[in-house]
Structure formats: structure tokens, C-alpha cells
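Q: Please take a close look at one part of this model and describe it step by step.

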Amino acid sequence: MRILVIEDDPNLNKQIKTSLEDSGYSVDFAVDGEEGHFLGDTEPYDAVILDLGLPKVDGITVLERWRKEKKNFPVLILTARNQWSDKVSGFDAGADDYVTKPFQMEELLARLRALIRRSAGHATSDIECGPLKIDTKSNKVFLNGTKLKLTSHEYKIIEYFLHHQDKVISRTELVEHIYDQDFDRDSNTIEVFIGRLRKKMGMNLIKTERGHGYRLSLDQE
Amino acid sequence: MNSLAVRLFLSATVWIMLTLISASLLLSDLNQNSNLKAFDDRLNLSLETLIGASRLDSSDGITVVSTIGDPRYFQPYSGWYWQINDGAKTLARSRSMWDQVFTIDKRLIGGRSQFISQVQENDKQLKKIEKKELHIIQREISFPGYKNPVTFTVSGDTKEYQANIKKFDNTLLTILIALGVGLMFAVFLQVNFGLLPLNKIKTALFKIRNGDEKNLQDPYPLEVQPLATEINNLLEHNEKIIERAKTHVGNLAHVLKTPLAVVSNEINSEDKVLANQIQLMKRQIDRYLKKAHLDSVGKVAKEKINIVKLSNKMVGIFLKLYPSKDIKISSSIENLFVLSSFEDMEEVIGNIIENSCKWASERVVFKIKESDENNIQMIFSDDGPGLPQDKMKKVFARGFRLDEQTPGTGLGLNIVKDIVETSKGKVWLTKSSELGGLEVNIILPLSQV
């Protein structure tokens, strides 16, 4: 899952980035509204954490622009103001959730997880696909109740597949959602990861759609 | 003299009164003079006729060969008399005098129009017989061949012109009173018409206070326009100050809270002392922020707010925030307006639904209805654990928190209460009979405009 963090305070920005990376997300960050808007406009993110008080372009405006441009990734706003009128203007602009500063990092992570799940249409923190189950809270994957040992990249891929079941996902899409923008991307490594995942699961849940990409599905071909 | 209208009206009244009274005095005087002169002329004519009709007779006496044609000189005691004297000796007199005689008063001789009552007073006899006010004229004539100058006296009853004068004065008074009343009415209309723009400003200001309008919009007369412009500037200035103060408070919150967030994320989770202190700081900031917000409650320009529309929007937000909760909203009527600010109403509805969602196990029901023709009632119920009776009042106190675990400043319901009460409404808690949890009731006055 790839997340964009837009927060003008460099310390807080770094803390959020680190915590998110520790929780298995790929993170891009921006420190002003202009850069943040550009990133959200050009890169496919699974969720955005957006501070409302930003230099150059304020958070509400950034959000409004994205929504006008039909960018519909879930957006969690960070606000220092605890008044409902500020939250309402955030929701009016198209926000999906809010966290007021100062916050506990655990709270932010929990809200973000719920947001991503919700936007993918899942109600609980556990997502299942047949014998495969993922606990997004603890970043653990189970097959028939047994925990799978996965590297962080493998986890990111299987998490993305579980959030988008039965959907054809191209190699490029996977790359875009698994690596942050500074990472040296090589779509060939994806093939290696998929191969390892299939091996670890011992069953072919990830199907290859020739010329299109991959698909996580219970269907038998 | 605090009223402009009274000032204008009184000054105009005084002026009108003065003018009318002097006009009436002048007219009455003119009329009296002309009446007097006409009467005088008639008596003179009679006197001259009498003189012309008198002849010196052979026995050295005076004979009146013909007399004055007016029949009143023949009616006894009519007040119309004539008499011819040679010193104290009466040579001839009119039939109307009957058995009376004028005594000759030297003062009158040669006079043209001499009045009367003095003569009368001297002439006790005459006064006694008729009690009339007489206008008397006398002339002394020397006849050739007669030894002494002869005195001719003619009198007329003043009743005739007195009545005329009185009648004229009465008519004059009636006309002038009518004129006065008419003028006062005209002044009244003029004052009211003239001061109309000021009344318009008053109404417009009332509307501004009620939140129906933002500033004075109509064009006003030249004299009042500067005032209207100044009021508009003042209103704008006021709004800017409030806006700026709010921005400052918000900015302060922002600059304090972000570093606080950094610090709280930086500390070791085992360091309870530091964590508690940070929590405390956070709560204090929130508390002062809310306090600043509370101070502005009711001071922002009010506007008409459709509570039903706003509530639906707020519920939409909570459906997003709490997807696992079943939040229902229903309203007995499509539009219900309250005079307040969006900020305040969002705070009220937001705080209460958030509270309900936090405690509800599954369901939250939000109902809006007209409680009577002047009030709107909002009922928020949930199926949560509810509150014991003795705590229901306490939760409105500043900083009171039932649960230290769930995030919050403990100021939510306190703010709700403050806003509702400044808007002349009521808020109370009860046990929900429908869902079994807590029920929050709010009554707010409907906007009458």
C-alpha cells in the first residue's frame, strides 16, 4: 500500500513516515500544498494523510482540486483545530476521516487502516480469500490458520491483492503501489515476488492473466 | 426633547401659533376700524342732513324744516337721536328722545368721530333710561343772523357694528383654528415623511441584528447616506476583527499542537510522566481554544440556518466516520430555520452525534420536529449504556469526562449547553425509551423572519 503524507512540520512528517514504513506501507511525503497536490495528481496512492494548515496551498484547496480532478483515493485530514466547522469544511472538500493534533501514532495508524479497508469495501480488519486471511492490524497473513512467513515486499503484494480481490492488476500497478517514488523500480522483481508467494502458499491463488497482469481469485481455471 | 420628530413638530407648532395669533389680531383690528369708520360716516351724513334741514325762523329760533329719513330717529329710546342746542337751551330734538335731553359737553364739539361711553357716563339721565352704548358726534355751527353758535348732536346705537365685529371675530377664530389644525397635520405628515429614512435604517439594523441582512443596502437620502456608509464600514470592521481573532486562535492552536504531536510521538511509551504531561498540555490547549470559541458564541452575525439540511449533511459525515453504526435521521418537516451561525449549529450537532456514535453499540436515531409553533426539537438517542440519573446533570459541567479512555476534552456537552442557552434554547438528558441508551433533547426557537 502506498501512502502520501503531506505535513509541513518536518519532524512530524518524518515521524509519520517512519511509523507508516514500520507498519509495512510505502510512503511518499511532501511539505507544502503545491508539491503535495502534484504528487497526488501524478502518482497512484492508496491513501493520503493531509495536514490542513499547509504553506503555499492550504490543505482544503489541495483536496478540492483533487476531487475536481476525479482523484478518489481516501484522504485522512490532520487538523489542529478541534471545532466542528473546520472538520465540516474538510468533509465538504471531500475528506474521508480526520485526526486532530496532537494524536497518538497508534490512533493515526488505526484510522488509516480502517480507511483503506473501507475504501476497498471491507468492514473488518481481517480480510479473507478462501483459506487466505490477512490481519491488517498486526500485518500478519494466515493460510488455513497458519501464519505465513513473508518479507515486507511480499506482504505488501499480498495485502494489495487481498484488498483488490478478483481484479486484474498489472505489473506496473503493483510496482506503483508497493514502492515509494524514490525506490529503484524494476517490474521484473515483481515476477520473482509472485513466484515466491505462490511457493509459500502452496496453491495457485494468484492467477496470471496473460498480457494483462495478475488476479487473486478462488476460481479454478 | 430627545426626539427629532418632537423637536421639529414643536418648533413648527410654536411658529404656526405665533403667526396665526398675530394674523388674527391684525385682521380683527382692521375689521373693527373699518366698521367704526362706516358707522361714523353714516352719523356724519345724518348730522349734515340735519344741519342742511335747519332754518333760522322769524322769531329768532331754529326750525327743522325736514328731518332725517331714518325711521329709527322716531322710535322712542331707539338709541338713534338728534338734538339742536343753543348753549344749554335745547332748540329742537328728535322724537326718539322722548322726554330726554343731551347735556352739551364742550369736549365733543367740533369732533368728528368721538366715542361714547364717557359721554354716557356724564349723561346719567340717558344712561338710566336705555342702557345703551351710544356713539355721539357733535358740531357747532354759526348761522348768519343768529346771535350764538348752534350745537348739533347726533347719536347712533353701537350695537349695530358691535354685532358685526363680534360675528366677524367668531368667523375669523373658526377659520384660523381650522387653518391651525390643518397646518399641524401637514407638519406632522411632513416630519414623518422627512424622518422616514431614519426609520428605514432602524428596521434595517434590526434585520442585521437578526441576521437577515449583512449590511445597509438601500440607497439613502443625501443627508443620511454618510451615516449608512459609516455603519456599513463599522459592521465590516467588526466582522473582520472577529474573523481575525478566530484565525489567530486557530493559528496558535496549530503552532502549538504540531510540536506537541512531535513530542508525544518521540517519547518512550513507558515514560508515563511525560505522556501524562503531554496529555495535560493537549487538554489545556483544547480547553482554552474552546473557551475562546465560547466567548465568540452569539457574537458572530446570525443567519437563518436550515437545521434539517444541516443535520442531514452532518449525519452524512458520521456515516462515513462510523460505517459500522446504524445512524438514522428523520424529520417531520422538510425545512426548519433557526437563527444562529453555521459554526455554532455544526458544533452542537457534531458534538452530540459524535457522542452518541461513540457510545452506541449499533444504533443512533436522530429526530427533528416542531415541538410547537415557535420551537424546534432535536432528539438524539442511542442504544449505548446510557447514564445514571445522578450523572445526567454533571456531564454539562466544564471539563467533566465520564470516560478517560476515549479521546475528548470533556468540553463537548458543555459547549453544546452554552450555545443552546445563548440561542435561548434548552438542552436536557434522559433515558431513551426507544433504544434504551442516552437521549439528548434540544429545543431551539424557530426563526420568526
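A: In this predicted model, the buried residues of helix H7 of chain B are Ile307(B), Val308(B), Ser311(B), Met314(B), Ile317(B) and Phe318(B). The helix has 15 residues, and at 1.5 Å a residue H7(B) should span 21 Å. The expected span is 1.5 Å times one less than the number of residues. The end C-alpha atoms of H7(B) are 21 Å apart, so the model agrees with the expected span.

H7(B), residues 307-321, also takes part in the contact between the chains: it is one of the elements that give two or more residues to the side of chain B that touches chain A. That contact takes 25 residues from chain B and 22 residues from chain A. Besides H7(B), the elements of chain B that give two or more residues are H5 (225-266), H6 (272-296) and H8 (342-359). The largest share of this side, ten residues, comes from H5(B). By class, the side of chain B that touches chain A has nine nonpolar, nine polar and seven charged residues.

H8(B), another of these helices, holds Ser356(B). Ser356(B) has 28 other C-beta atoms within 10 Å, and a residue with 20 or more counts as buried, so Ser356(B) is buried. Leaving out residues up to four places away in sequence, Ser356(B) touches Val364(B), Phe380(B) and Asp382(B). Glu439(B) lies 83 residues from Ser356(B) along the chain, and the C-alpha atoms of the two are separated by 8.7 Å.

Methods:
Residues numbered from 1 in each chain as written. Chains lettered and ligands numbered in written order. Predicted model: local features only at pLDDT ≥ 70, side-chain atom pairs only at ≥ 80, totals over all residues. Contact = placed C-beta atoms within 7 Å. Helix = DSSP H or I, 4+ residues; strand = E, 2+ residues; numbered from the N terminus. Nonpolar A, V, L, I, M, F, W, Y, C, P; charged D, E, K, R; others polar. Buried ≥ 20, exposed ≤ 12 C-beta atoms within 10 Å, placed from the backbone.
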